[in-house]
Amino acid sequence: MQSLHKGAILVLSGPSGAGKSTIINAASKEIGEYYFSISTTTRAPREGEINGREYFFVTKESFEEDIKAGNFLEYAKVHGNYYGTSLKPVRQALDEEKLVIFDIDIQGHRLVRAKLNHITTSAFITPPTLQALETRLRARLTDDESVIIQRIQNAKEEILAVGEYDFTIINDAIETAAEEFITIAKAARLKQSEEDEAKFIKKWLG
Ligand code: ADP
Ligand code: 5GP
């Protein structure tokens with residue numbers, strides 16, 4: 001059967017250290033073809049991060065030029081650094097009818113909803129408790145103490161936005177969280193845009 005869809009968006013948010021990257025990696029073979037949106041950021045790369053893989057790492061000046069040029073679908077300041085989603089690759093992936101996955105913060109989610117609500121599904125990912133989050137951030141060994149404190153503070157505010165999302169994934173056991181993510185990704189693909197709906201009705205009526 002011919003698909004009604006022309007690409008869909010799945011937004012994932014949740015505190016830094018919630019396990020978003022771990023879940024995407026664990027589920028990646030099961031969710032079919034997708035495009036993971038690589039964000040642009042002014043934060044410094046962490047040990048092991050590669051430019052163009054986790055993020056495009058740029059200077060503040062270059063980021064601000066891109067803002068002026070209108071190159072971002074959305075952008076926000078998180079933990080004192082800029083993070084943004086470039087419009088062009090997302091548009092292309094949607095045209096290719098792919099599922100586009102965003103790992104963006106709660107401000108980014110609101111902006112994507114404002115622009116592309118009709119094709120967007122969202123999930124908030126969190127460890128079971130604040131304490132568990134703190135343990136994981138420390139175990140990851142990628143951030144120093146002041147950064148960890150700032151991320152925990154931020155998490156206390158981010159959790160208040162949990163109700164804005166279609167789904168919540170409690171990342172306790174990774175296998176369960178990955179299973180839930182796979183179900184949500186499949187549902188996200190099936191989300192029907194209003195435009196598709198109109199075309200379908202027209203065709204159905206003959
Ligand atoms: P995020 O991408 O949301 O910032 P990560 O995927 O980097 O988070 O996960 C943060 C840390 O927590 C990593 O060290 C990861 O191995 C660990 N982690 C992820 N999921 C679990 C889990 N279910 N139980 C225990 N540790 C986990
Ligand atoms: P980190 O520094 O841990 O990689 O990411 C910090 C936060 O920035 C996370 O909450 C992550 O979801 C968010 N983030 C990453 N990329 C983007 C983006 O392009 N836009 C927005 N709004 N947030 C982002």
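Here is a short chat between a student and a tutor about this predicted model.

Student: What makes the chain as compact as a globular protein of its length?

Tutor: Start with the parts: the chain has eight helices and nine strands. Its radius of gyration is 18 Å, close to the 17 Å that the globule rule gives for 206 residues, so the chain is as compact as a globular protein of that length. As for burial, 43% of the 206 residues are buried.

Student: Why are Phe-63 and Tyr-75 called an aromatic pair, and why edge-to-face?

Tutor: Their ring centres are 6.2 Å apart, and the limit for a pair is 6.5 Å, so they count as one. The planes make an angle of 70 degrees; anything over 60 is edge-to-face, so that label fits too.

Student: What does this pair tie together?

Tutor: Phe-63 belongs to helix α2 and Tyr-75 to strand β5, so the contact links parts twelve residues apart in sequence. Both residues are also in one aromatic cluster with Phe-72 and Tyr-82.

Student: How do you know whether Phe-63 and Tyr-75 are buried or exposed?

Tutor: Look at relative accessible area. Phe-63 has 0%, and under 20% means buried, so buried it is. Tyr-75 has 35%, which falls between 20% and 50%, so we say partly exposed.

Student: How do you know that the charged end of Lys-77 sits over a ring?

Tutor: That charged end is 4.9 Å from the centre of the Tyr-82 ring. The distance limit is 6 Å, so that part of the test is met, and there's an angle limit as well. The charge is indeed listed as sitting over the ring.

Student: Why do Asp-166 and Arg-113 count as a salt bridge?

Tutor: Their side chains come to 2.8 Å, N to O, and the cut-off is 4 Å, so they qualify. Asp-166 is in the loop between α6 and β9 while Arg-113 is in helix α4, so this bridge ties together parts 53 residues apart in sequence.

Student: And what makes Arg-113 buried but Asp-166 partly exposed?

Tutor: Arg-113 is at 17%, below the 20% line, so it's buried. Asp-166 is at 40%, so it lands in the partly exposed range.

Student: What makes Ile-201 fit for a nonpolar surface patch?

Tutor: Ile-201, in helix α8, has a relative accessible area of 44%. Patch residues need over 30%, so Ile-201 clears that bar. Together with Phe-200, Trp-204 and Leu-205, Ile-201 makes a patch of about 490 Å².

Definitions and conventions
Residues numbered from 1 in each chain as written. Chains lettered and ligands numbered in written order. Predicted model: local features only at pLDDT ≥ 70, side-chain atom pairs only at ≥ 80, totals over all residues. Heavy atoms only, no water. Phe/Tyr/Trp six-rings, centres within 6.5 Å; stacked < 30°, edge-to-face > 60°. Helix = DSSP H or I, 4+ residues; strand = E, 2+ residues; numbered from the N terminus. Buried < 20%, exposed > 50% of the residue type's maximum accessible area, 1.4 Å probe, protein only. Lys NZ or Arg CZ within 6 Å of the ring centre and 35° of its normal. Patch = residues over 30% accessible without salt bridge, like charges linked within 9 Å, V, L, I, M, F, W, Y side chains within 5 Å. Areas by Shrake-Rupley, 256 points an atom, 1.4 Å probe, with all protein chains shown as cover. Rg over C-alpha atoms; globule rule 2.2 N^0.38 Å.
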